[in-house]
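Hi,

Here's the structure I promised to pass along. Have a look, and my notes follow underneath.

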Amino acid sequence: MKISIIGVGLIGGSIALKLRQKGITDFIYGIDNNNEHLNQALDLKIIDAKVDLEYGIKNSDLIIVAIPVDSARKILPNILDLISENQTVMDAGSTKAGIVVAVKDHPKRSRFVAFHPMWGTENNGPKSAVSESFSGKAGVICNKEESAEDALHLVEKIVESLDMHLIYMNAEAHDVHTAYISHISHITSYALANTVLEKEREEETIFQLASSGFSSTVRLAKSHPEMWVPIFKQNKENVLDVLNEHISQLRKFKVALEKENYEYLGELISNANKIRGILDK
């Protein structure tokens, strides 16, 4: 099987490495606007050749779109225009409702499978790609009933080969849940980093005193705006909903401290501790 990866960065590169390792593909084309990334991907043996969009699509059995979600929405209809009824297209975007809407009326909609691998880091580019990245993580397929049976089976095989556990969801429900679990975490991390940068002007002090707790909390603040601004834009309503709740929770901590209500402060922390029972299952 020949595969084209559109976007040979962290996600696309990691998928390519794993599928090559599993023997799923014997040739991988790389397509990317960043020629430096393509050359790095060649050097790292993530891809076998760098090609233009039309050539890669025409010569692949499977096309994987691993670019920012706003770009994916724009390019997917064009990709479907170029494929035959024997080819399959999947994406790896962090938001799904907008992507599904972008192709819903396309005559070859059934050849597309909407997919989200629930994994990522603050790093980017092919040098950050790791073959075992997805192992044990959730792989979400959305609106499976809108995809052709053979296309769905192929993507299910890809998810299995990535060693992910498969979940099926409606695209709108997916975007609600990822706003709660993933997207708000990034906003919180960005906001905390900006708070510290605003209040603590001595960079050396930040470096010297930063604990593992601080470092892990602001790790996501290293993530690039090129990826995350489109995600927030595409999932704006859900992100605003959870952001309003988060601000409300922060106000509760603020009021407890202002009024020296340490019993209430303890109750807030104890309630938050319930998350341990969910995450440590």
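To start with the whole chain: what percentage of the 281 residues is buried? The figure comes to 44%. Keep in mind that this is a predicted model.

On overall shape, the C-alpha atoms fit in a box of roughly 65 × 40 × 35 Å along the principal axes. The radius of gyration is 21 Å, which agrees with the value near 19 Å for a compact globule, given the 281 residues. The secondary structure adds up to 13 helices and eight strands. If you count the contacts with a separation of 6 or more, 74% of them link residues 24 or more positions apart.

Now the surface and the charges. About 15000 Å² of the chain is exposed, and 53% of that is supplied by carbon and sulfur atoms. There are 31 positive and 38 negative side chains, and the centres of these two sets sit 1 Å apart.

The residue I looked at in detail is lysine 96. You'll find lysine 96 in the loop that runs between strand S5 (88-91) and helix H5 (97-103). So is lysine 96 buried or exposed? Lysine 96 counts as buried because its relative accessibility is 0%, and the cut-off for buried is under 20%. Its side chain makes a polar contact of 2.8 Å with the side chain of aspartate 91. Leaving out residues up to four places away in sequence, lysine 96 touches Asp91, Ala114, Phe115, His116, Cys142, Ala171, His174 and Asp175.

Cheers

Terms used. Residues are numbered from 1 along each chain as its sequence is written. This is a predicted model: local features need pLDDT of at least 70, side-chain atom pairs count only at pLDDT 80 or more; totals for chains, interfaces and linings use all residues. Side-chain values use heavy atoms; hydrogens and water are left out. Helices (H or I, at least four residues) and strands (E, at least two) are DSSP runs, numbered from the N terminus. The radius of gyration is taken over C-alpha atoms; the globule rule is 2.2 Å times the number of residues to the power 0.38. Buried means under 20% relative accessible area, exposed over 50%, partly exposed in between (1.4 Å probe, protein chains only). Contact means heavy atoms within 4.5 Å. Accessible areas come from the Shrake-Rupley method with a 1.4 Å probe; for residues, only the protein chains shown count as cover. Lys and Arg count as positive and Asp and Glu as negative; His and the chain ends are not counted. The place of a charge is taken as NZ of Lys, CZ of Arg, CG of Asp or CD of Glu. A polar contact is a pair of N or O atoms within 3.5 Å; within protein, one must be able to donate a hydrogen and the other to accept it, and residues adjacent in sequence count only if both atoms are side-chain atoms.
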